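Got your viewer open and a selection box ready? Follow along, and we'll go stop by stop through what to pick next.

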Amino acid sequence: MATLDFDRQRHVKYFTACLNSLPDAYNKLDTNRMTLVHFAVQALDLLGALPDDYTCFEEGDTKHAILDKHAIIEWIYGLQMPDGGFCGGSFLGPNHHSHSYGHIAMTYTALCTLAALGDNLSRVNREGVLESVASLQRDDGSFQCIAVGSEHDMRFLYCACVICHLLNDWSPLNKDKAVDYIESCIAYDGGISLLPGQEGHGGSTFCAVAALLLMDCLSDTLDKDGRRQRLIHWCAHRQVGGMQGRPNKAEDTCYSYWIGATLTLLGKNDLLDHEQLQNYVLSCQTKMGGFSKILGAHPDILHAFYSMSYLSLSSNDKFELKQLNCTIGIREDRLSAFDCERNVP
Amino acid sequence: MSLPLTVEELPLLFSDLAPISQDDGPSPVCRIAYNTDFVAAYDYFRAVLKADEKTERSLRLTSLCLRLNPANYTVWHFRRLCLYELGLTDKKVEEDLALAAELGGPNPKNYQIAFHRRALLEAIGLNEERAKRELAYISTVLAEDGKNYHMWSSRQWILRSINSDSLWESEVNYAADLIVEDCRNNSAWNQRWFAVHRGSQEALSEERAKLEVQYAIEIAKIDPYNESPWRYLIGIVKENLSSLLDISLNEASGFDAILEEAGRDVNSCTNLNSTRIDLLEMKRTSEALHDAIQLGNDMALKHDIIRKKYWELRVSELKQILESID
């Protein structure tokens, strides 16, 4: 049975095991392995369990070097594409020319994971990354994820903003169009959707607010027409005990982060009932470590990472988790790796 | 269409091509325990990709690869290149839509499958006939899960592309049917908004807005605790303030009797009272704001305690407005 005590050691074991190998149920995430590495590494980093911290995984008197971070760094660089950006895995084989710019979400997570691992990013093809971002913005201001064509929505707009922010170069991104796109995604009930006209959704709401913040357009966009108030109303009403992603949908642990982080970015984190929300998230803690999406299910890396991220942003040291930067989604103190201003909101 | 390719047939079909193993480097991370079928199929896919061979046998290989991982966007993309190279026909599009439907069933949250459908329909041309067939397909998926985000996105794309009055009106009816089945289906409410507005952000005519207010009220009567109709109502009123405000306040006050008759405490109906607060704030008279503040205080203290701090914030904002008008 799940316990409501935060089971630190089990989580360290869970994420470490994931970094090593994953069962074949993860076949369908083969193209997204970079994001899986990101989730596991960032989670361990929040736990303070990466090797260069002194609270690493211990068994008895033995301090285990729980992973070889240099190996991970090499693996990541091995996925840097010839023209720029990163791919999510090695599934392409030696023919790169059709996807020479990688995938925007893999580029975002590659940069974040390199920073978490203490890499100095000197081997990142900076110009290539920026070109890869430039190749992906569409006329309506949204972003697709690969140059040859894909779906386009708020997720990739967020990724683009994070990349530009981390590299301190906004030249590949048309901010006016991006903001127009975000405005066109404000739904009638105050939430923000993935696409214009679509339903307000926790994930896209976070992506939009974080993107606006990174583009330094948050106030200008939200402080008209009562938008900020309606957005806060919408977010606050997603808590039904645990957190739902849309009105009248079931609770799901990852929305604790998407909504919790959104409110944090709006300076309104305190509006949530964190005791109830933490209880819900902790009740999704599993015996294998990690967290599941809903009560009684198996854990998966994504929900485990976002549950951990939520606990970090809500807790003020209660779970001995490091401080998370909610805008970027990595440990606050890892941002010094990037040549941008330290005062990320 | 030829029979589905099996892994066993691969070495014979591709006897002239050497399969290429995945090169994960010396210390792979997050290694997936692929089964042998997966490895075999993708070893040949890498070979075909390198050779840039867009033929019938490559097409068959992509089917096999997609059955093993329907989320591999490179395989979908290469499949489309094969289809274009071999000549895209109506029949080919139908066959691929059938494959996408087959894979979509067990993978309802897969972005790549929805994108493939759209890419093919755009390539062959989305006319009204194809649009109707696609809407019919989407309806079958929504019948299983009426809140499938990808499917609603696809519907919106189709409606915007065709942009015909008859299709917009039938969509309003479709959304209404789904709301009859489940008045709490917020996606259906969103779709009603979308269809009634013809996919634009322009405000409705006052006449149409009145009808929408009436509709929301009628559905709210089925279950006043349901958030969806109330947020819809507020959206409509906000868009078209003037006359709708008093009508809405009037209708909302009628719920006291409705709830009493059902033996429920009107104070417990937080979505109704939240709506009242919003309407009273819009009314912006001293009396209205006092009422709103009272309701807000009750929410914080007694009726919506999980959102206590939100209601306290709301009340403080209402007090600021009150001060500014006094």
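Start at the N-terminal end of α10(B) and pick B:N185 and B:S187: a side-chain oxygen of B:N185 comes to within 3.0 Å of the backbone nitrogen of B:S187. That fits the polar-contact rule used here, a pair of N or O atoms within 3.5 Å, where within protein one must be able to donate a hydrogen and the other to accept it, and residues adjacent in sequence count only if both atoms are side-chain atoms. Helix and strand labels come from DSSP runs (H or I, at least four residues, for helices; E, at least two, for strands), numbered from the N terminus.

A quick word on the ground rules: this is a predicted model, in which local features need pLDDT of at least 70 and side-chain atom pairs count only at pLDDT 80 or more, while totals for chains, interfaces and linings use all residues. Residues are numbered from 1 along each chain as its sequence is written, chains are lettered from A and ligands numbered from 1 in the order in which they are written, and side-chain values use heavy atoms, with hydrogens and water left out.

**Stay on α10(B)**

Now select B:186-196, the whole helix; how many of its residues are buried? Eleven of eleven, where buried means under 20% relative accessible area, exposed means over 50%, and partly exposed is in between (1.4 Å probe, protein chains only). Among them are B:W189, B:W193 and B:F194, but also B:N190, B:Q191 and B:R192. Show α8 (149-162), α9 (165-181), α11 (206-222) and α12 (227-239) of chain B to see what these buried residues pack against; contact here means heavy atoms within 4.5 Å. Just after the helix, click B:R198, which has a positive phi of about 55 degrees.

**Two helix pairs in chain B**

Keep α8(B) and α9(B) on screen. Their axes are 10 Å apart and the packing angle is about 155 degrees; the axes are lines fitted to C-alpha atoms, for helices over the stretch in contact, and angles run from 0 to 180 degrees between N-to-C directions. The two helices are therefore roughly antiparallel to each other (under 35 degrees counts as roughly parallel, over 145 as roughly antiparallel, 65 to 115 as roughly perpendicular, the rest as oblique). Light up B:W152, B:R155, B:L159, B:R160 and B:I162 on α8(B), which meet B:L167, B:W168, B:E171, B:Y174 and B:L178 on α9(B). That contact splits into seven nonpolar, no polar and three charged residues, with Ala, Val, Leu, Ile, Met, Phe, Trp, Tyr, Cys and Pro counted as nonpolar, Asp, Glu, Lys and Arg as charged, and the others, Gly among them, as polar.

Next, B:90-104 and B:111-124, which are α5(B) and α6(B): their axes come within 9 Å and cross at roughly 170 degrees. That makes this pair roughly antiparallel as well. On the α5(B) side, pick residues including B:V93, B:L97 and B:A100; on the α6(B) side, B:I113, B:R117 and B:L120 are among the partners. The count for this contact is nine nonpolar, two polar and three charged.

**Into the core**

Select A:F15, A:L19, A:M154, A:L157, A:M215, A:Y257 and B:L61: these have the most contacts inside the largest nonpolar core, which has 232 residues. Such a core is a set of buried Ala, Val, Leu, Ile, Met, Phe, Trp, Tyr and Cys residues joined through side-chain atoms within 4.5 Å. Helix α6 of chain A (154-166) gives the most to it, eleven residues. Zoom in on A:L157; beyond four places in sequence, its contacts include A:F143, A:Y181, A:I182 and A:M215.

A:I192 is your next click, in the loop between α7 and α8 of chain A. A:I192 counts as buried, at 2% relative accessibility, and among the residues it touches are A:M154, A:I182 and A:L231.

**Across to the other chain, then two loops**

Jump to A:L22 in strand β1 of chain A, buried at 3%. Show what A:L22 touches: A:L36 and A:I301, plus B:C30, B:R31, B:I32 and B:A33.

Finish with two non-glycine residues. A:L121 has a positive phi of about 65 degrees and sits in the loop between α4 and α5 of chain A. A:D216 has phi near 60 degrees and lies in the loop between α8 and α9 of chain A. Which is buried and which exposed? A:L121 is buried at 13%, whereas A:D216 is exposed at 65%.
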